Amino acid sequence: IYFFNSEKDPKKREKTINTIFLIELFISITCALVVLGLTSPIANYYSNPSLIPLIAIVAFEPMIDNLFNLVSSLYIVQGKSFALAIKNAITSLIKLAIVLVSIFVFRSVLCVLLFTLITNTAQLIIFWFWYMKIGFVINPFKIDPSKLKSIIVFAFSIFLIVITNALLKQCDKLILGSLASIEDIAIFENASKQLPFDIIASAVVTVSSPFISKFVLSGETDKLQKLLKFYNTLCLTSLLVLGVPAVLSSGELMNFLYGSKYFEGKMIFIVYVIVEMVKFSNISIILITKDKKRELVLVSVGALICNVGLDRIMFQAFGPIGCAFATLTITIFIQVYLLIRSSTLTKLKLSQILDLKYIALLLVEVGALIGFSFVYRPLLDKITIGPSILKAMLYYCIPFAVLLGCNIKPLLNAYRGLNSITKNSEE
């Protein structure tokens with residue numbers, strides 16, 4: 001996305017993208033060959049020779065997935081997100097049908113993995129050729145050698161950011177593993193699992209990121225300001241509408257998802273739902289576009305070190321729940337930093353990229369809903385409800401319906417605004 005938007009000359013842009021594809025192919029094939037070379041040692045380690053053919057198939061799956069993600073990014077950066085979604089839905093359903101048939105017909109893990117690899121490869125080829133109709137011919141052997149160094153340096157910086165962020169996500173569990181009992185670790189592991197409350201926000205991030213990058217590079221401040229405001233409104237509202245009901249029905253959800261023996265992890269569950277809601281404004285793309293990758297690496301590493309220290313301190317003070325609060329604290333710090341830094345780099349005030357009046361109203365609604373829960377929950381508790389899934393759905397759906405009803409108009413307005421800006425900015 002960054003290199004596509006930063007290169008204005010179409011011919012040079014094509015060669016740059018081809019260079020990225022060549023690097024991806026080289027790294028993926030090299031890694032696959034390394035895994036193939038280690039198939040016997042891996043099988044011997046697990047004392048299971050039947051793993052050898054499975055590993056041979058799985059070795060090439062990351063290459064297909066990574067190439068497909070690159071092709072998908074090209075659709076998105078050219079404003080073809082809707083076309084991508086439709087094509088992806090159709091091909092995914094066909095893939096699912098083929099895999100399901102292979103499961104019932106062959107009843108073999110090897111066959112299932114083989115058919116999965118074949119269908120994923122077919123999907124990649126189809127999307128590759130489809131893209132040629134709206135874009136250009138992707139030829140990994142028609143490259144710009146002068147771009148190799150800059151692409152590798154850029155990719156390595158992003159790699160460091162991704163690795164440190166991945167460690168940051170798992171930091172609390174790793175620290176807890178050396179401090180807590182097996183029972184506490186099991187409860188924490190289940191209660192802290194990420195649920196798909198960000199399903200809408202993630203889609204918004206995927207669609208918006210190319211345009212955020214494009215507007216930052218081109219200096220289109222007015223479009224960037226409007227886009228970020230709609231973007232933040234849509235992400236925050238969707239996360240609160242999906243997440244707050246989970247907080248209010250946490251006991252019922254815990255009982256349904258993990259069973260009554262994990263019920264004491266309820267507070268941990270609540271804290272991690274709040275963590276997901278805090279991460280509504282994922283705009284690190286602005287720092288990346290502004291070539292502040294080193295700064296992002298330092299922030300990520302610093303946050304990781306602070307989280308390790310805070311996890312230990314908070315665990316000693318509060319037990320496992322302390323690790324959850326440590327993660328929440330660090331997450332808030334990172335999000336506030338990214339918002340302020342992005343605002344500074346784009347020369348936009350926070351009030352220009354956040355609808356502060358609407359956010360205040362949204363928080364008042366959430367507070368009122370929490371107060372209302374003290375009225376409706378005791379009434380529901382008196383009703384005998386059968387299976388735990390029905391009880392969880394009922395306790396979740398009431399606050400969900402209230403929040404959605406109160407915010408459906410702002411959600412639709414933000415969606416329409418975002419859609420209008422991205423459509424009008426298509427190349």
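**Exercise 1. Is Ser238 buried or exposed, judged by its relative accessibility?** Place the residue in its helix and describe its surroundings in this predicted model.

*Solution.* The starting point is the secondary structure, where Ser238 belongs to helix α11, which covers residues 221–248. The next step is accessibility: the relative value for Ser238 is 2%, and since the cut-off for a buried residue is under 20%, Ser238 counts as buried. The third step turns to the side chain, a polar atom of which lies 3.0 Å from the backbone oxygen of Cys235. Finally, when residues up to four places away in sequence are not counted, Ser238 touches Ile200, Ala201 and Leu411.

**Exercise 2. Which backbone oxygen does the side chain of Thr346 reach?** Work out the setting of this residue as well.

*Solution.* Thr346 is part of helix α16, whose residues are 320–346. Its relative accessible area is 9%, and because buried means under 20%, Thr346 is classed as buried. The side chain of Thr346 reaches the backbone oxygen of Ser343, at 3.4 Å. With neighbours within four places in sequence left aside, the contacts of Thr346 are with Val216, Thr221, Leu224 and Ile286. Of these partners, Thr221 falls in the range of helix α11, residues 221–248.

**Exercise 3. How many residues apart in sequence are Ala186 and Lys173?** Give the accessibility class of Ala186 too.

*Solution.* Ala186 sits in helix α9, made up of residues 182–191. Its relative accessibility is 28%, and as the partly exposed class runs between 20% and 50%, Ala186 counts as partly exposed. Ala186 and Lys173 are separated by 13 residues in sequence, while their C-alpha atoms are 10.0 Å apart in space.

**Exercise 4. What radius of gyration does the chain have?** Set the value beside the secondary structure, the burial and the contacts of the chain.

*Solution.* The secondary structure comes to 19 helices and 0 strands. The radius of gyration is 24 Å, close to the 22 Å that the globule rule gives for 427 residues, so the chain is as compact as a globular protein of that length. Along the principal axes, the C-alpha atoms fill a box of roughly 70 × 60 × 45 Å. Buried residues account for 45% of the 427 residues, and among contacts between residues at least 6 apart in sequence, 79% join residues at least 24 apart. As for the surface, the chain exposes about 22,000 Å², of which carbon and sulfur atoms supply 70%. The last step concerns charge: there are 38 positive and 25 negative side chains, and the centres of the two sets lie 6 Å apart.

Methods. Residues numbered from 1 in each chain as written. Predicted model: local features only at pLDDT ≥ 70, side-chain atom pairs only at ≥ 80, totals over all residues. Heavy atoms only, no water. Helix = DSSP H or I, 4+ residues; strand = E, 2+ residues; numbered from the N terminus. Rg over C-alpha atoms; globule rule 2.2 N^0.38 Å. Buried < 20%, exposed > 50% of the residue type's maximum accessible area, 1.4 Å probe, protein only. Contact = heavy atoms within 4.5 Å. Areas by Shrake-Rupley, 256 points an atom, 1.4 Å probe, with all protein chains shown as cover. Lys, Arg positive; Asp, Glu negative; His and termini not counted. Charge placed at Lys NZ, Arg CZ, Asp CG, Glu CD. Polar contact = N/O pair within 3.5 Å; in protein donor to acceptor, adjacent residues only side chain to side chain.
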